[in-house]
Structures are given as C-alpha cells and as structure tokens.
Amino acid sequence: MIGLVFFAMCLSVNFSVQAQETEEAPFEPLFLTVVTTKWNTDPDVDFSDWEAVEKEYHEKVTMKNELILGSGFYMHYFTPKDNEIKLVTVYKTWEDIEGVNDVINKLIEEGWPNEEERDAFFKKRNSYYSTWHSDEIYVTTPYSKPMDLNTEKPLIFYVQMHYRGDGGKGYKEYFDNITMKNPYLKAFYTHVHRWGSNSNEVAEVRVYESLADMEKGNEEVNKLIEAHWPDEEERTKFFEEYDKMFKGHGDYFYRHVPFLVK
C-alpha cells in the first residue's frame, strides 16, 4: 500500500444544512475534502518533472476513480503563505470519502504494476511537497453559479472564509439579485463546515478570469445593489440584517491548474 500525502481518513460528525429545494430539482449536497499542504522548500528538490508526474497520476488514478466526482489543484496567488497549495476533491456521499482510499490503492497498483518503479514514482512525487498538511471537509449549498473549469488558462479563485454570526437574513435575495446577475463573476460556490477545526466556517468562492474582471465585478455589484434597492433607507435596513449572518472573514486568492481538473 502506497502512503499518500494527500489523503486522510476523517471521522463523521452530525451536521444539518438549510437547503433551498424546488419540486423540479431537489437540492442534494455534495461533500468536498480540502487538503492544505505546501511546496517542499528544499533547494535540492528537482521540480523539472513536476508537471509530467502530476499529469501521469491524474490520468492513471484521479480520472479513473469513479468515487471522485471532481477535483482541482490550487496554487497560492495572494495568501499569507506563498508556498501554500489547496487540493480539493468532490464526492457524492460521506461513504465515498471513507471508501476512496481503497480505490486509490487499487488504481495505483494497476497503474504501476512494477513495485520498484511504483516506489520510485511516488518517492519523486512526494518529494515536491511538504510532509505537513491539514484536512477539512465541507458540504455544498444550493447557492452556486457553476462553470466548466476545464479552461486553457488558470482562473482566479477569490475565497472569502466567513464565520457564522448571530442571526441575520437576506442571503437568498442577495444571491438571486446580485451574485447571479453579475456578468464578470464566472462562477460562485458556497461551502459550509462538515468536519475540521472550526465549525463556524462558511466559504464563499468567487471565480474570475482576471483581476481586472474582479475589479469590474466589484463595480457591478454596487450598480446592482442600487438597482435592486433604490430606496436608500430600505437598502440600509437590508444590509443591517444581512451583515448579522457573519462575524468577519479572511481573504485568499488562488489560481487553479487547468490540466489537473476533473
């Protein structure tokens, strides 16, 4: 069995999420495992084969793993740690998370049947990354504006990590009338805590083609807000309630690696 840097078995905890459903398309949440790790900073590590190695693993393991609905590799763009990496994997059920390691090991043995070559491959692959990592699991919510991430150029992922507040309301109204109507916002996702260090976490992920588009998108938000709430008093009243939903947030920017998308 190969020891993999990027997978940790996780324990189940109770969780409930308020889902907006319709009779035509009832919402079914998905599960995301998010592994945070770092590049190996050892100057003697040779990164010249990194792309080829990760492509080989992606094709032989990730793309053939039926339990993995989607996955992505995200590199630091503007975050506190310039060597940070995020590895995100999407599953249909919690049981799929628990069973995926067995499938991974089977695909590894099939992909590299020669034990010596297999050991050499994973020794090289693991050398690119720090042995440190942390694991979180999130569940998706109905508030999303999805897109196909199989692009030629890296996209910018702006992650706002919020923390639950005390009460508040108006999220769906804002989502329907501001988020969904912003043409510069290519995609939007919300994830809530399922397992990990902070049960109050709520992640909002905004996807842009460029920083220029993000700036234009922010200007568009202001226009959409004034259009939807033209009365200043009503607008102020709405955001007084809306802002109660969260207690502060952190901002993080990443770029995805197009050839490692599933």
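Trainee: Is K55 buried, partly exposed or exposed, and what is its relative accessibility?

Mentor: A word of caution comes first, since this is a predicted model. The general idea is that a residue counts as buried under 20% relative accessible area, as exposed over 50%, and as partly exposed in between. K55 has 32% relative accessibility, and therefore counts as partly exposed.

Trainee: With which residue does K55 form a salt bridge, and how far apart are the closest N and O atoms?

Mentor: In general, side chains of opposite charge can pair when their charged atoms come close. Here the partner of K55 is E51, and the closest N and O atoms of this salt bridge are 3.2 Å apart. Both residues belong to helix α1, which covers residues 50-62, and they stand 4 residues apart, about one turn of the helix. E51 has a relative accessible area of 38%, so this residue is partly exposed.

Trainee: How many salt bridges does the structure hold?

Mentor: The structure holds 8 salt bridges, among them the one between the side chains of E241 and K244, with an N to O distance of 2.9 Å. E241 is partly exposed because its relative accessibility is 26%, and K244 is likewise partly exposed because its relative accessible area is 41%.

Trainee: Are E204 and R206, which form a salt bridge, buried or exposed?

Mentor: E204 is at 3% relative accessibility and so counts as buried, while R206, at 13%, counts as buried too. The closest N and O atoms in their salt bridge are 3.4 Å apart.

Trainee: What is the nearest side chain of opposite charge to E84, and how far away is it?

Mentor: The idea to keep in mind is the cut-off, because a salt bridge requires a side-chain nitrogen of Lys or Arg within 4 Å of a carboxyl oxygen of Asp or Glu. For E84 the nearest side chain of opposite charge is K86, 4.8 Å away, and E84 has no salt bridge although it is buried. E84 is placed in strand β3, residues 84-91, and, not counting residues up to four places away in sequence, it touches T36, T37, Y74, M75, H76, T79 and Y254.

Trainee: Which residues does I156 touch, not counting those up to four places away in sequence?

Mentor: Contacts of this kind are read by setting aside sequence neighbours, and for I156 they are Y77, R206, V207, Y208, S210, L211, F253, Y254 and R255. I156 lies in strand β5, residues 156-164, and counts as buried because its relative accessibility is 6%.

Trainee: Where does T179 lie, and with which residues is it in contact beyond its neighbours within four places in sequence?

Mentor: T179 lies in helix α4, residues 171-179, and its contacts, with those neighbours left aside, are K145, Y174, L185 and F188. Its relative accessibility is 6%, so T179 counts as buried.

Trainee: Which residues gather in the patch of negative charge on the surface, and which helix gives the most to it?

Mentor: To read such a patch, one asks which residues take part and then which elements supply them. The residues gathered here are E109, E110, E115, E116, E117 and D119. Helices α2 (94-111) and α3 (115-127) each supply at least two residues of the negative patch, and α3 gives the most, with 4 residues. D119 is found in helix α3, and because its relative accessibility is 41%, D119 counts as partly exposed.

Notes
Residues numbered from 1 in each chain as written. Predicted model: local features only at pLDDT ≥ 70, side-chain atom pairs only at ≥ 80, totals over all residues. Heavy atoms only, no water. Patch = residues over 30% accessible without salt bridge, like charges linked within 9 Å, V, L, I, M, F, W, Y side chains within 5 Å. Areas by Shrake-Rupley, 256 points an atom, 1.4 Å probe, with all protein chains shown as cover. Lys, Arg positive; Asp, Glu negative; His and termini not counted. Charge placed at Lys NZ, Arg CZ, Asp CG, Glu CD. Buried < 20%, exposed > 50% of the residue type's maximum accessible area, 1.4 Å probe, protein only. Contact = heavy atoms within 4.5 Å.
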